[in-house]
Amino acid sequence: MKKRVYRFFIDYEKEERWVNDMADRGWNLKKTMVGYFVFEKGTPGQYFYRNEFVNRKSKDYFEFLNMMNIECVSKFGGWAYYRKLQSEGPFEIFTDATSKINYIKSMNRIFILLLLFNVLAGMYNLSIGSVINSSVGCLNVIVSIMVLISVSKNEKRKKGLKKNLHIFEG
């Protein structure tokens, strides 16, 4: 049995927790796109799921994950979802603070470009004044706000990781 869910997240960690909660209830992720998830009924608690922004990841990277018994379930729009059997123990894609910080930096670089594009496009579309352009301009502003929220949350995570890194380094 399949279950289709429409749900949009701004926070990638919150999205990952939700997908893992679904898996704990026996709904295993099969496919995802922005705000759209397809689950298949399975055994509750069978898998752990992780998501990752995979901009510019090589084929070797995915082969390495596969060798580690980590299955790539779905890729769309620069994001990938992985799963691993819970019986093999939990898994993390980033096992140290430095690699997580670098990951957040690379994600935010793309998000900031997207933010700038939408701010400029929004200002241009709103300045034209036609109904269609004003509507598109409003959409640009909404996307800008959502991206800005994501960047802010990522910067807060990065700051916390750096703080913890300095505590452990002495």
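These legends describe close-up views of a predicted model.

**View 1. Lys100 and Glu13 form a salt bridge.** The structure holds 9 salt bridges, and this pair is one of them. The gap from N to O is 3.4 Å. Lys100 sits in helix α3, which spans residues 97-128, while Glu13 belongs to helix α1, residues 12-24. The two residues are 87 apart in sequence, so their contact ties together distant parts. Lys100 is buried, because its relative accessible area of 18% is under 20%. Glu13 is partly exposed, at 23%.

**View 2. Arg50 pairs with Glu16.** Their closest N and O atoms are 3.3 Å apart. Arg50 is part of strand β4 (residues 47-53), and Glu16 is part of helix α1. The salt bridge links distant parts of the chain, 34 residues apart. Are these two residues buried or exposed? Arg50 is buried, with 12% relative accessibility. Glu16 is buried as well, with a value of 15%.

**View 3. Arg50 also meets Glu92.** In this salt bridge, the closest N and O atoms lie 3.1 Å apart. Glu92 is found in the loop between β6 (79-85) and α3, whereas Arg50 is in strand β4. They are 42 residues apart in sequence, so the pair ties together separate parts. Glu92 is partly exposed, with a relative accessible area of 48%. Its partner Arg50 is buried, at 12%. Side chains of opposite charge can pair when their charged atoms come close.

**View 4. Shared partners build a salt-bridge network.** Which residues does the network join? They are Asp11, Glu13, Lys100, Lys153 and Arg157. The pair from View 1, Lys100 and Glu13, belongs here. Within the network, Lys100 is buried and Glu13 is partly exposed.

**View 5. A nonpolar patch lies on the surface.** Phe8, Ile10, Met33, Val34, Phe76, Leu126, Val141, Ile145 and Ile149 make up this patch. Together they have about 750 Å² of accessible area. Which helix gives the most to the patch? Helix α4, residues 131-169, does so with 3 residues.

**View 6. Ile145 is a member of the nonpolar patch.** Ile145 is located in helix α4. With a relative accessibility of 46%, Ile145 is partly exposed. This value falls between the 20% cut-off for buried and the 50% cut-off for exposed.

Methods. Residues are numbered from 1 along each chain as its sequence is written. This is a predicted model: local features need pLDDT of at least 70, side-chain atom pairs count only at pLDDT 80 or more; totals for chains, interfaces and linings use all residues. Side-chain values use heavy atoms; hydrogens and water are left out. A salt bridge is a side-chain nitrogen of Lys or Arg within 4 Å of a carboxyl oxygen of Asp or Glu. Helices (H or I, at least four residues) and strands (E, at least two) are DSSP runs, numbered from the N terminus. Buried means under 20% relative accessible area, exposed over 50%, partly exposed in between (1.4 Å probe, protein chains only). Patches are made of residues with over 30% relative accessible area and no salt bridge: like charges are joined within 9 Å, nonpolar side chains (Val, Leu, Ile, Met, Phe, Trp, Tyr) within 5 Å. Accessible areas come from the Shrake-Rupley method with a 1.4 Å probe; for residues, only the protein chains shown count as cover.
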